[in-house]
Amino acid sequence: MNEHVKAPAAPRTLPRESATFDAYTLSEIRRAAATGIYDIRGAGAKRKLPHFDDLLFLGASMSRYPLEGYREKCGTGVVLGDRFAKKPIELKIPVTIAGMSFGSLSGPAKEALGRGASAVGTSTTTGDGGMTQEERGHSNKLVYQYLPSRYGMNPDDIRKADAIEVVVGQGAKPGGGGMLLGQKISPRVAKMRTLPEGIDQRSACRHPDWTGPDDLEIKIEELREITDWEKPIYVKVGAARPYYDTALAVKAGADVVVVDGMQGGTAATQEVFIEHVGIPTLAAIRQAVKALQELGMHRKVQLIVSGGIRNGADVAKALALGADAVAIGTAALVALGDNDPKWESEYEALGSKAGAYDDWHEGRDPAGITTQDPELMKRLDPIIAGRRLANFLSVMTLEAQTIARACGKSHVHNLEPEDLVALTIEAAAMAQVPIAGTDWIPGLTGRF
Amino acid sequence: MNASTQSHSFDLAAATVRDLNAALHALKDGSNASLWRVSNPRGLHAIAAGLDAPVTVEIDGPVGYYCAGMNKQATVIVRGNAGVGVAENMMSGRVEVEGDASQAAAATAHGGLLVVRGSAGARCGISMKGVDIVVGGSIGHMSAFMAQAGTLTVLGDAGEALGDSIYEARLYVRGSVTSLGADCVEKEMRDEHKAQVFEKLKSAGLDGQVDPSDFKRYGSARTLYHFHVDNASAY
């Protein structure tokens, strides 16, 4: 080899980013190092989780015949709360609007939710901030949340409500209380919550006057007495131990149990809480249904499932696994206009982008939904946004009916686990349906 | 009671709490002359819960959880002890407990007056939102936790962690305080505060029995109203 000939440069490997220390993780370490405080954001778990996309319907075949898609009836109505309440709630569709507070959302956004839900015959839900005229006035059926903070709680509003939802927890943060930072504690929000304006408000995580299922039974009795046993009483839990929580809620006298998986959104909480506490929606449903079945209460105490419901297929899958209805929050906000690409430049100015914006606690939402800023609020027309939500709810319902008819069901509640298969071992184990093409249900059957 | 007072007797050994509450809920504002005497309460729950009329209900014996819960307008007198959450979320009116009260007395209450002649257990006035509470004896630990508004006047002692994470409520304690909770501090007792204590004692029928000057005032240092990394140890 001629030593005067320059050796070619040795091939170099590509820069390799760590899967463990990925770009987001590095950015969070830098953010934490710079600020000394945990990251707070809105929305639910964003990590990849086993979800409804990992399930498929089998549809009709030789042994099962379908219903005509445009001719044969497929019912979607659901009655909630007929166990004890004199006046159960009757919904035309099995999709409800989950609890979101006035304070976290603007008044016009709450009005839009009411308009949209009412147009298609379903209910909306208050949140950790009391009942506003915007939502009561525009919601034909309104569920009034009974939260640890009891902000704005009063017997007049409780009597105006169509149902009461005792909130034990929510999927984004089982074991955590509400949070609303100072930017959103406007004079009106502060007055409703009996708080000083502009403070960083952290709600209690436990109810002030009851602890555990035995107390809850007495609390529910009191709420029934105050409302003369008219209103259905829901108990909402974040998905953590859904089998036991559901059983205990039934024991405590609930008419309806709401189980909210970790994809369920929040207005504001620590990122570490959202991503690391609680279990996925898919993992919670069969456990809750099992508790109801063992108690002989399935379809007698209704089950509402929420957390990452996005379309009619998700609705159909949740119902097939045993839910009576679902609730949507994040999807409803998107239907109103949240994270719309038309505000892209403004999202970028906030250091985010359309589709990823989750700093709802800062009150600077370009879409005018998660804000108390009077100017930003004007960007949301509650009539137009309400119509968009109604459209979306209608599409979800039509999609669920489409699947139900394909499976030969004359009511969406007739969907059943037998109609489903899974694409992954994880989803099969959680949903307790076989992996597609096999009769293997991990954890239940021994064969592949 | 004036001469036109109509008195009703209700025996909870012969009828249910539901029957009693249904009858009381049927009362209209115009029935302000009514006096209801309830016997045999036997620690039953939710007695006289959800009232909304200027009626007086005298309960002859001990009550269970949530007596006079969410009360509006009514005067409810318990001639005995009261269980958890007496007068919880009261909006207005007056609730008197002649014996002791258990935990969470007047929890989250927005208005009205709760008088406990004996002592109150833990979490008295938790998350109170405007109610006035007067306790003749002592109060348990974690009382006035996250107390937002209103007054808590205690003639005896207070347990551990009084006023933890308190907002704008005013706490007046005549005896000792085992410890103060996060962000709760002793504050100067000025003449306006002595006048307020006197007013609350008077409304409870306890004026003249103790000297308002004997009370100390406690309230929020307001250091936790905003997140700050240097306060992390207090969160």
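**Exercise 1. Two sides of a helix**

Which residues are exposed on the other side of helix 2 of chain B? Work out how the buried and exposed residues of this helix are arranged in the predicted model.

*Solution.*

Step 1. Find the helix. Helix 2 of chain B runs over residues 191–203, so count along chain B until you reach it; by the definition used here, helices are numbered from the N terminus. Its 13 residues reach 18 Å from the first C-alpha to the last, close to the 18 Å expected at 1.5 Å a residue.

Step 2. List the buried residues. They are B:Gln196, B:Val197, B:Lys200 and B:Leu201. Here a residue is buried if 20 or more other C-beta atoms lie within 10 Å of its own.

Step 3. Ask where these residues point. They sit on the same side of helix 2 of chain B, because they cover an arc of only 135 degrees around the axis.

Step 4. Turn to the other side. There you find B:Asp191, B:Glu192 and B:Ala195, which are exposed.

Step 5. See what lies over the buried residues. The cover includes strand 7, strand 8 (149–154) and strand 9 (170–173) of chain B.

Step 6. Look just past the end of the helix. B:Gly205 takes a positive phi of about 75 degrees.

**Exercise 2. Where the chains meet**

Describe the side of chain B that touches chain A.

*Solution.*

Step 1. Start with the totals. Chain B brings 38 residues to the contact and chain A brings 22.

Step 2. Look for the elements of chain B that give two or more residues: these are helix 1 (17–25) and strand 7 (129–135). Helix 1 of chain B gives the most, with 5 residues.

Step 3. Sort this side of chain B by class. You get 18 nonpolar, 13 polar and 7 charged residues.

**Exercise 3. Inside the core**

Find the residues that touch the most other members of the largest nonpolar core, then follow one of them.

*Solution.*

Step 1. The core has 203 residues, and those touching the most other members are A:Ala254, A:Val257, A:Val326, B:Ile47, B:Ala105 and B:Leu114. In soluble globular proteins, nonpolar side chains tend to be buried together.

Step 2. Ask which element contributes the largest share. It is helix 14 (residues 382–406) of chain A, with 9 residues.

Step 3. Follow B:Ala105. Leaving out residues up to four places away in sequence, its contacts are B:Val86, B:Ala87, B:Leu114, B:Val116, B:Ala120, B:Cys124, B:Gly125 and B:Ile133.

Technical notes:
Residues are numbered from 1 along each chain as its sequence is written. Chains are lettered from A and ligands numbered from 1 in the order in which they are written. This is a predicted model: local features need pLDDT of at least 70, side-chain atom pairs count only at pLDDT 80 or more; totals for chains, interfaces and linings use all residues. Two residues are in contact if their C-beta atoms, placed from the backbone, lie within 7 Å. Helices (H or I, at least four residues) and strands (E, at least two) are DSSP runs, numbered from the N terminus. Ala, Val, Leu, Ile, Met, Phe, Trp, Tyr, Cys and Pro count as nonpolar, Asp, Glu, Lys and Arg as charged, and the others, Gly among them, as polar. The expected span of a helix is 1.5 Å times one less than its number of residues. A residue is buried if 20 or more other C-beta atoms lie within 10 Å of its own, exposed if 12 or fewer, and partly exposed in between; C-beta atoms are placed from the backbone. The arc is that of the directions from the helix axis to the C-beta atoms. A nonpolar core is a set of buried Ala, Val, Leu, Ile, Met, Phe, Trp, Tyr and Cys residues joined through C-beta atoms within 7 Å.
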